[in-house]
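Me: I would like to learn how to read a protein model feature by feature, beginning with its charges. Could you take me through the general idea each time, and then the case at hand?

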Amino acid sequence: MKLLSDENIHLRALEPEDLHFLFTIENDESFWEVSSTQTPFSRFILEQYIANSHQDIFEAKQLRLIIEDNNTKKSLGIIDLFDYSPQHKRAGIGILIIDSEQNKGFASQALKLLIDYSFEQLDLHQLFANITSENVKSINLFKKFQFKKIGVKKEWIYSKGIFKDEILFQLINKNEN
């Protein structure tokens with residue numbers, strides 16, 4: 001699928017072989033703050049999640065894709081569309097690149113692919129992202145793709161004994177017909 005790939009990476013659906021990768025990411029407590037996770041996931045629950053991932057975005061209201069290196073076939077991270085609303089033509093977008101693969105341009109490539117897919121294939125009018133105020137890497141990534149800061153949710157995220165602000169970013173599709 002050309003729309004979900006470039007010369008270095010491609011975005012693909014979850015496969016049963018992704019269980020270990022997904023288990024590692026979902027149970028990494030350092031990511032729980034952004035995923036609103038509070039308890040670990042079992043392999044069984046994640047197996048069921050993968051088994052049901054065949055539902056399309058219209059049915060599930062979300063789409064989770066693995067970011068995979070074209071050359072090594074290594075899983076680099078996950079990118080999601082969530083809170084999909086066909087009525088309002090919008091969805092949230094989130095991205096996670098594993099630590100060992102950060103700062104190599106993969107997040108930018110994956111985000112560009114998913115923005116293009118969202119606007120061209122899904123015909124969305126807008127995408128949004130919720131980013132904690134201290135997550136400078138993510139803020140810079142989304143700003144690079146012209147996401148605009150449209151608001152701040154004060155003391156929105158409670159993590160490790162402190163409240164953190166969450167910034168809401170939005171990208172409007174300027175190329176709609």
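Reply: For charges, one compares the mean positions of the two signs, where Lys and Arg count as positive and Asp and Glu as negative, while His and the chain ends are not counted, and where the place of a charge is NZ of Lys, CZ of Arg, CG of Asp or CD of Glu. In the protein chain, the mean positions of the 21 positive and 26 negative charges are 6 Å apart. This is a predicted model, in which local features need pLDDT of at least 70 and side-chain atom pairs count only at pLDDT 80 or more, whereas totals for chains, interfaces and linings use all residues. Residues are numbered from 1 along each chain as its sequence is written, and side-chain values use heavy atoms, with hydrogens and water left out.

Me: How many helices and strands does the protein chain have?

Reply: Elements are DSSP runs numbered from the N terminus, helices being H or I with at least four residues and strands being E with at least two. Here there are six helices and seven strands, and from the N terminus on they follow the order β-α-α-α-α-β-β-β-α-β-α-β-β.

Me: What does the radius of gyration say about the protein chain?

Reply: The radius is taken over C-alpha atoms and set against a globule rule of 2.2 Å times the number of residues to the power 0.38. For 177 residues, a compact globule would have a value near 16 Å, and the protein chain agrees because its own value is 16 Å. Along the principal axes, its C-alpha atoms fill a box of roughly 45 × 40 × 35 Å.

Me: What percentage of the residues of the protein chain count as buried?

Reply: Buried means under 20% relative accessible area, exposed over 50%, and partly exposed in between, with a 1.4 Å probe and protein chains only. By that criterion, 44% of the 177 residues are buried. In strand β5 (residues 126-132), six of the seven residues are buried. β5 runs parallel to strand β4 (residues 90-97), to which three bridges join it, pairing being assigned if DSSP finds at least two bridges between two strands. Within this pair, G92 has F128 of β5 as its bridge partner.

Me: Which way do the residues of strand β1 point?

Reply: In β1 (residues 9-12), I9 and L11 point one way and H10 and R12 the other, yet all are buried. β1 pairs with strand β2 (residues 63-69) in the antiparallel sense over four bridges, and L11 stands opposite I67 in β2.

Me: Which residues does I50 touch, leaving out those up to four places away in sequence?

Reply: A contact means heavy atoms within 4.5 Å. I50, in helix α3 (residues 43-51), touches L14, E15, P16, D18, L19 and L22 beyond that sequence window, and I50 counts as buried because its relative accessibility is 8%. For the protein chain, residues 24 or more positions apart account for 59% of the contacts with a separation of 6 or more.

Me: Where is E166 placed, and is E166 buried or exposed?

Reply: E166 belongs to strand β7 (residues 162-172) and is buried, since its relative accessible area is 9%. Not counting residues up to four places away in sequence, the residues that E166 touches include N130, I131 and T132, together with W156 and I157.
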